[in-house]
Amino acid sequence: MVSNENYTRYNNKIDRSALMNDRVKEFDIKKKMVSNWDVCCLVFSIITHVVDVILDITLAVRYLLNDRIAHFIWTIVFVFVPTIVVTVMSMKMYKQDQELYQNATHVSKKFKARDIGCCLVGVFFHLTPILRYGNALNYAIQSRKYEKLGDSNKQKQYYLQMLREDQDAALLRVTECFLEAAPQQILQLTILLKNLQNVPWFEITHQSICIASSLVSMASAMATYHRSIRATQRDKFEISSLGISLQFCWHLLITVSRILAITMVAILYVPYAVSSLLLHWFLMLIWIGADSHGIHEFCRNKNRAPHIRRNIIERISSFMFVSVLSVIYIFIYLNPTDGRTFRKYFFYYTLCLLENIFACLYWMLTPSTDIRFLWYFQFLPLTCISFFLLGIVIMILYYVYFHPSLKQKNVESLEI
């Protein structure tokens, strides 16, 4: 879990006013109850992941049967490599949970021995996010069961377990989506648009469904991640359903815009697209690395004292995690730590807008004659820029009118 639960601020607040105390207690009681919305979100996350994986695998099989070996290999690479990364991250989280909730000497050898087996099974069957969401769903069901039985202690215990598991699952799902689904969409869009005139309609439909499924998965993963992050922090209000919907639209539009920008360059000249991606990744690597305290804490061995300098294993883990985040930052901004985000958003989205504009100019000024007369020649750059600007407008609308901190400020104003 990357973000920190700030219990100190919460406790300081409830001592300042009796009215504030009542409001926060009421809010805290609500947070201990599993809602139908929580269950629906978990089920939806499982379904979208399963559908996304099945569509990608079936598309790879189609490429293989049609002797399009290069397309088959790249599709498989973009499916399994991210799964390996996510599985390793998941095992790291499980290990941290044991370090946090057990003494290191009591960590079972059985767990250590089955690490490799769990990784192999999780990678081969793409089970890592499903197992996480499955555990969270089980905890949610148990919490509701004890709520009906009137056992508040068990209800709260399973609810907190659900929140912790849901947050880990959300982070893993976001990581997998932007390591697998986003590159997969660029690959499939490039293949589709380059061969649009010679591809059977059934294959076009198949590829289009894969692309649409991946887009929905990425946007829902980001919205779920932000919802789960706030749900685990007792000093913050949860995001409303309308707020989650706005986040879904915001991330969907920005992601589509970024994918279209990269696809346009890839259609014209793949080396330019790869070079621009590497440059953006390197810039993000430096930027995230300059302010990576939360990441260092995530990668730190919890059995070692916090003041001890990081060892070589922890440094390598931190670098690898920053590298993964930098790939995600090619498509979307993911805040790994608590704190103000205005300046970070301004820098990141300004950079992305400039990159998108340069991609559109390159597309418009240097196409071949064949591309210039295709129906999507003007459609792609117009969609790229308009979707990006619309996504920014929705983001501003969310933060101005629907961000949960506005509710918190209203409650705090009652102290006066």
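User: In which helix is Ile357 placed?
Analyst: This is a predicted model: local features need pLDDT of at least 70, side-chain atom pairs count only at pLDDT 80 or more, and totals for chains, interfaces and linings use all residues. Residues are numbered from 1 along each chain as its sequence is written, and side-chain values use heavy atoms, with hydrogens and water left out. Helices (H or I, at least four residues) and strands (E, at least two) are DSSP runs, numbered from the N terminus. Ile357 sits in helix 14.

User: Is Ile357 buried, partly exposed or exposed?
Analyst: Buried means under 20% relative accessible area, exposed over 50%, and partly exposed in between (1.4 Å probe, protein chains only). Ile357 has 34% relative accessibility, so Ile357 is partly exposed.

User: How many helices and strands does the protein chain have?
Analyst: The protein chain has 416 residues, and 49% of them count as buried. Its secondary structure is 17 helices and zero strands.

User: How is helix 14 oriented to helix 16?
Analyst: Axes are lines fitted to C-alpha atoms, for helices over the stretch in contact, and angles run from 0 to 180 degrees between N-to-C directions. Helix 14 (residues 342-365) packs with helix 16 (residues 379-402) at about 165°, and their axes are 9 Å apart. Angles under 35 degrees count as roughly parallel, over 145 as roughly antiparallel, 65 to 115 as roughly perpendicular and the rest as oblique. Helix 14 and helix 16 are therefore roughly antiparallel.

User: How many charged residues are in the contact of helix 14 with helix 16?
Analyst: Contact means heavy atoms within 4.5 Å. Helix 14 brings residues including Tyr349, Ile357 and Trp363, and helix 16 brings others, among them Phe388 and Tyr399. Ala, Val, Leu, Ile, Met, Phe, Trp, Tyr, Cys and Pro count as nonpolar, Asp, Glu, Lys and Arg as charged, and the others, Gly among them, as polar. The contact has 17 nonpolar residues and one polar, and the number of charged residues is zero: there are no charged residues.

User: Which helix gives the most to the largest nonpolar core?
Analyst: A nonpolar core is a set of buried Ala, Val, Leu, Ile, Met, Phe, Trp, Tyr and Cys residues joined through side-chain atoms within 4.5 Å. The largest has 83 residues, and Phe178, Tyr349 and Trp363 touch the most other members. With 16 residues, the top giver is helix 8 (residues 152-194).

User: How are helix 8 and helix 10 oriented to each other?
Analyst: Phe178 and Leu189 are among the helix 8 residues that meet helix 10, where Thr255 and Ile259 are among the partners. Helix 8 and helix 10 (residues 241-268) pack at about 45°, with axes 9 Å apart. The two helices are therefore oblique.

User: Which residues touch Ser213, leaving aside neighbours within four places in sequence?
Analyst: Ser213 is in helix 9 (residues 201-231). It counts as buried because its relative accessibility is 13%. With those neighbours left aside, the contacts of Ser213 are Val51, Asp52 and Leu55.

User: What is phi of Asp67 near?
Analyst: Asp67 lies in the loop between helix 3 (36-65) and helix 4 (69-101). Its relative accessibility is 63%, so Asp67 counts as exposed. Most residues other than glycine have a negative phi. Asp67 is not glycine, yet its phi is positive, near 60°.
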